[in-house]
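Here's a quick briefing to read alongside the coordinates. Have the viewer open, and jump between the topics as you like.

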Amino acid sequence: MQILTNPKFDFLGKKKYFVTASLLVVALSITSLAIRGIPLGIDFRGGADVQLKFRETPPTQQIRSGLEAAGFHGVSLQAFGAAADNEVLIQIDAHARGSATEEPKEQEDLAADVLRAIRTPEDTAAAQGKVDLNAAGASEIKRNLVSALGPGREDEAERAALAIKRYRKEHGELIADVAMVKALPEITPAVAGWLGASAIAGRFSIVSIDYVGPAVGADLRSKARWAVVMSLVVMLMYIAFRFKAWSYGVSAIVTLAYDVMVTLGFISFFQKEFDLTVLAAVLTIVGYSLNDTIVIFDRVRENLRLRRSTNIEKTFNDSINETLSRTILTSFLVWIVLVSIWVFGGSRLEPFSFALLVGSISGTYSTIYISSPVVVWWMRWIAERKKAAVRA
């Protein structure tokens with residue numbers, strides 16, 4: 001499909017202006033990274049994401065006050081999903097209750113502390129020491145059942161615990177009434193008696209707890225840097241081998257480094273959280289930008305074979321114009337998908353789609369205004385050196 005018929009845009013004729021603008025964007029990105037930094041997600045700094053679902057609108061101020069009173073500092077609290085879901089996400093650093101030199105909390109201890117902090121005196125009074133079926137995991141329910149039923153009834157306790165957990169999941173992660181659980185086929189009379197005497201359905205449930213230890217977070221940060229660096233090195237070798245010229249390989253790496261830097265700059269400026277999904281987006285950008293660059297380089301190589309007398313800048317201009325329809329169509333379709341994810345994907349996917357959107361726009365631009373000028377300059381530099389060597 002052709003959306004432009006025989007375009008004749010002089011892309012490289014204005015390369016100085018665009019390269020200058022590109023350097024300015026890189027400088028602004030570096031400045032933002034130096035001043036504002038990048039807010040690392042739980043994946044990289046260590047800590048826990050606790051997602052809670054409430055029966056009614058989450059009392060965010062009450063939750064925040066409870067956490068602060070319990071000694072948690074710097075905790076992030078935000079509504080999660082649609083307003084009707086009544087969900088809230090608590091992000092808590094592993095060192096939130098002490099200095100960075102203190103031993104961090106383990107997952108279960110940290111989660112238990114968070115739950116104790118957000119429970120009100122009314123919650124505690126209502127529970128009266130009973131097991132909260134909305135907050136307890138299957139293992140905790142089974143442990144209490146085994147204790148109540150006696151030895152030799154572990155299988156019965158396990159079936160009941162798993163059935164309760166399944167029921168909670170099937171009903172939006174929130175059990176409204178303990179009586180509804182008693183009707184499950186896996187619930188024996190003895191278990192039903194324990195539920196009536198020792199269990200309650202609290203006002204909120206734990207949808208998920210994602211925990212990453214500080215050591216794992218540091219390890220992931222190191223591996224993330226290596227993943228980006230190694231991907232660039234491998235790309236350099238691949239392009240240089242495929243086109244049998246270092247000029248193409250170096251140009252592709254300069255382009256990819258530009259795309260990564262611009263994307264990180266935007267993430268820093270808008271303070272989007274950088275987690276493993278955003279890292280995946282950055283690596284995807286590397287592949288996307290490289291694919292677009294190779295399409296143009298392939299056309300340049302073909303045209304250089306057919307038009308040996310044509311100057312290199314005109315060959316690049318012609319090649320970019322010949323692939324322009326494909327570039328526009330591909331980019332437009334990708335942007336439609338990314339904007340849809342950005343708008344409708346929810347808060348979890350918002351940083352991921354934002355990074356991909358910025359990177360894909362940068363990748364489309366840099367393919368034309370970064371990679372091509374670098375190759376042209378490199379080839380002219382090599383030609384000048386050869387002429388100088390002949391004159392000498």
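Buried here means under 20% relative accessible area, exposed means over 50%, and partly exposed is in between, with a 1.4 Å probe and protein chains only. By that yardstick F354 is buried, at 7% relative accessibility.

Keep in mind that this is a predicted model: local features need pLDDT of at least 70, side-chain atom pairs count only at pLDDT 80 or more, and totals for chains, interfaces and linings use all residues. Residues are numbered from 1 along each chain as its sequence is written, and side-chain values use heavy atoms, with hydrogens and water left out.

**Helix 11 and what follows**

- Helices (H or I, at least four residues) and strands (E, at least two) are DSSP runs, numbered from the N terminus.
- Helix 11 covers residues 246-269, and its 24 residues should span 34 Å at 1.5 Å a residue, which agrees with end C-alpha atoms 34 Å apart. The expected span is 1.5 Å times one less than the number of residues.
- Of those 24 residues, 17 are buried, so helix 11 is largely enclosed by the rest of the structure.
- Q271 follows helix 11 and has a positive phi, near 55°. It sits in the loop between helix 11 and helix 12 (276-306), and it is partly exposed at 35% relative accessibility.

**Another positive phi**

- Most residues other than glycine have a negative phi.
- E173 goes the other way, with a positive phi near 60°.
- You'll find E173 in the loop between helix 7 (154-170) and helix 8 (178-182). E173 is buried, with a relative accessible area of 16%.

**Rings and charges**

- There are 13 aromatic pairs in the structure. Rings of Phe, Tyr and Trp (its six-membered ring) pair if their centres lie within 6.5 Å; planes under 30 degrees apart count as stacked, over 60 as edge-to-face and the rest as tilted.
- One of the pairs is F270 with F354: the ring centres are 5.7 Å apart and the planes are at 70°, so the pair is edge-to-face.
- That pair links distant parts of the chain, 84 residues apart, with F270 in the loop between helix 11 and helix 12 and F354 in helix 15 (residues 350-391).
- F270 is partly exposed, with a relative accessible area of 44%.
- F9, F11, F18, Y258, Y365 and Y369 are joined into a cluster by ring pairs.
- F354 also has the charged end of K272 over its ring, 5.2 Å from the centre. A charge sits over a ring if NZ of Lys or CZ of Arg is within 6 Å of the ring centre and within 35 degrees of the ring normal.
- Likewise, the charged end of R36 sits over the ring of F269, 5.7 Å from its centre.

**Helix 6, face by face**

- Helix 6 (residues 138-149) has 12 residues, and its end C-alpha atoms are 16 Å apart, in agreement with the expected 16 Å.
- A138, I141, L145 and L149 are buried in helix 6. Seen down the axis, the buried residues fall within an arc of 65°, so they line one face of the helix. The arc is that of the directions from the helix axis to the C-beta atoms.
- S139, R143 and S147 are exposed, on the face turned away from the buried side.
- Helix 7 and helix 9 (189-198) are among what covers the buried residues of helix 6.
- G150 follows helix 6, with a positive phi near 100°.

Notes
Contact means heavy atoms within 4.5 Å.
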